[in-house]
Each structure stands twice: as structure tokens, then as C-alpha cells.
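Thanks for asking me to look through this one with you. My notes are below as numbered points, so keep the structure open while you read.

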Amino acid sequence: MDDDVSGPLRVVIADDQALVRSGFGMILAADGIEVTCEAANGAEAVAAVRRTRPDVVLMDIRMPQMDGLEATRQIMAEGATGTRVLILTTYDLDHYVYAALTAGASGFLLKDVTPEHLVAAVRLVRAGDALLAPTITRRLVERFARRDEARATVHRDLSDLTPRELEVLRLLATGLSNAELADRLTLSPTTVKTHVARILSKLGLRDRVQAVVLAYETGLIAPGSTPGHGTTTA
């Protein structure tokens, strides 16, 4: 993790429904998390990020003027802020969610998330991890990912990965947690974390959400491969 997680956790909430914003804001504030700004559309969210430099944005997808997908693209394009985006959605199998993940979002939450899960998710993503519910994310990627020759060409540097790193990436893409990867490969959890970190560094990826997407789009793993089980965090 290269993010400083010692200071107060700061969040922007972007949703066109005022009740959603206020409800999530109260939940986060009750746990000592600072809501620096609320935004009713994507343009306001981008402006809020530029102004307040939050750690995390809770981003609705379907908003007026500018949707959450375009807002995510713009925020990620200004990556120097270090801000991470968590997508808020009503539907787990939504092609907009997949597009947001490919644009750089670090995960997604359903809007009926429990208060405890909301707080844990924001803290997890701020720490530099990706928020993946393995079963849902895998179904999402398999449904919408297509082998992308352009991305495969850009990432010919898959050849820079060692055989062990390629093996870790394949298993990671099926939804295995670090503990399950360690068990499967007979490695220590620390060694697995090192492999994952090197994979992300070599491929220029923010987190394992992008690693999962890339594994499918480059054809490293094919839809229908044997899934892993458990909770996935970097």
C-alpha cells in the first residue's frame, strides 16, 4: 500500500438522490469519517474532488448532466489526487458498473448495503485495496468482458511476468483471496501479497479489479474457468 492512511478519512458522496446522500453521510459521520462534500451529479463530483482531494468517492452511476461513469474517467485521469472511486448501484450485473471498473473504479456497492459494510468498504478502499465480491464481480466480468485485441497489444508486457506471477494472476482472476492463493500455491500469505504487488506494478494497474478485467480482456483467462471462493482483497 502506498497511500497514507494515518490521517482522517475523507469522502465525497455523489448521488442525485438527496436522501441517499444524507443517509450515507450520517452513517459515515457516526463512524468518524469526514464527508467533505456532497454532489448531485458527475460534474459536481469532479469539481468536489479537485477542490477537496478526498480519499474516496461514493459514486452513483446514473446522474443528470454528467453520469458517474464519465465522472470516474475524469477523476482517474487526474490520478495525482490519489482518490479512489467506489461505485453505488442498484444492480450488480450492470454494463455501466463494468465500464466503471475498466475506467478505474476500485469496486462497487449495492445501495442497500448495510451501514457496517459501507463503513468497512470505504476504509478498505482507502487503504489501497480493491473491493470485490468474488462471485458477483466474476459474473459481471464474464458477462461484459470481451477479448480486446487493442488492450492485449498494449499489455504485451504480460510477457514480463514470471511464470509464477502469471499463475497468480490467473487464479486471482477467478476470485481467490490471498489466503486461498497461498493455500493453493503452497506459499506464505506474505509471498502472495508480494507477487500481487509486483503484478500490479509491472502492468501499471491500480488494484486487482483492473487485474481481473485485464486477465479476461487479454485472453489470459476465459469465461467459464473454475471460480475461486471467498472474499477478495489486495
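1. Let me begin with a term: a salt bridge here is a side-chain nitrogen of Lys or Arg within 4 Å of a carboxyl oxygen of Asp or Glu. Please also keep in mind that this is a predicted model. By that rule, the count comes to 10 salt bridges. Side chains of opposite charge can pair when their charged atoms come close.

2. A good pair to look at is Arg21 with Glu38, where the closest N and O atoms of the salt bridge are 3.2 Å apart. The pair links distant parts of the chain, with Arg21 in helix H1 (residues 18-30) and Glu38 in strand E2 (residues 34-39), 17 residues apart. Are the two partners buried or exposed? Arg21 counts as buried because its relative accessibility is 13%, and the cut-off for buried is under 20%. Glu38, at 40% relative accessibility, counts as partly exposed.

3. Next, find Arg123 and Asp31, whose side chains meet in a salt bridge at 2.9 Å, N to O. This pair also links distant parts of the chain: Arg123 belongs to helix H5 (residues 115-126), Asp31 sits in the loop between H1 and E2, and their positions lie 92 residues apart in the numbering sense of being 92 residues apart. Arg123 counts as partly exposed at 36% relative accessibility. Asp31 is partly exposed as well, with a relative accessible area of 38%.

4. The third pair is Lys111 with Asp60, a salt bridge whose closest N and O atoms are 3.3 Å apart. Lys111 is in the loop between E5 and H5, while Asp60 is in strand E3, so to speak 51 residues apart and in distant parts of the chain. Asp60 is buried, with a relative accessible area of 5%. Which residues join this pair in a network of salt bridges that share partners? The network consists of Asp15, Asp60 and Lys111.

5. Now to the sheet. It is an open sheet of 5 strands with parallel pairing, in the order E2-E1-E3-E4-E5. E2 and E5 are the edge strands, each pairing on one side only. From one strand to the next, the twist averages 20 degrees. As general background, strands of a sheet pair through backbone hydrogen bonds, either parallel or antiparallel.

6. Strand E4 deserves a closer look. How does E4 connect to its partners? Strand E3 (residues 56-60) runs parallel to E4 and is joined to it by 5 bridges. Within this pairing, Leu58 has Leu86 as its bridge partner in E4, and Asp60 stands opposite Leu88. With strand E5 (residues 108-110), E4 pairs in the parallel sense over 3 bridges. There, Thr89 has Leu110 as its bridge partner.

7. How many residues of E4 are buried? For this strand (residues 84-89), the count is 6 of 6. In a regular strand the side chains alternate between the two faces of the sheet. Both faces of E4 are covered: Arg84, Leu86 and Leu88 are buried on one side, and Val85, Ile87 and Thr89 are buried on the other.

8. The helices come next, and H1 and H5 are a pair worth viewing together. Their axes come within 10 Å and cross at roughly 70 degrees. H1 and H5 are therefore roughly perpendicular to each other, as angles of 65 to 115 degrees count that way. On the H1 side, the contact uses Phe24, Ile27 and Leu28, which meet Pro115, Leu118, Val119 and Val122 in H5. The residues of this contact divide into 7 nonpolar, no polar and no charged.

9. Finally, some figures for the chain. It has 11 helices and 5 strands. Of its 234 residues, 52% count as buried. Among contacts in the chain with a separation of 6 or more, 71% come from residues 24 or more positions apart.

How values were computed: Residues are numbered from 1 along each chain as its sequence is written. This is a predicted model: local features need pLDDT of at least 70, side-chain atom pairs count only at pLDDT 80 or more; totals for chains, interfaces and linings use all residues. Side-chain values use heavy atoms; hydrogens and water are left out. Buried means under 20% relative accessible area, exposed over 50%, partly exposed in between (1.4 Å probe, protein chains only). Helices (H or I, at least four residues) and strands (E, at least two) are DSSP runs, numbered from the N terminus. Two strands pair if DSSP finds at least two bridges between them. Axes are lines fitted to C-alpha atoms, for helices over the stretch in contact, and angles run from 0 to 180 degrees between N-to-C directions. Angles under 35 degrees count as roughly parallel, over 145 as roughly antiparallel, 65 to 115 as roughly perpendicular and the rest as oblique. Contact means heavy atoms within 4.5 Å. Ala, Val, Leu, Ile, Met, Phe, Trp, Tyr, Cys and Pro count as nonpolar, Asp, Glu, Lys and Arg as charged, and the others, Gly among them, as polar.
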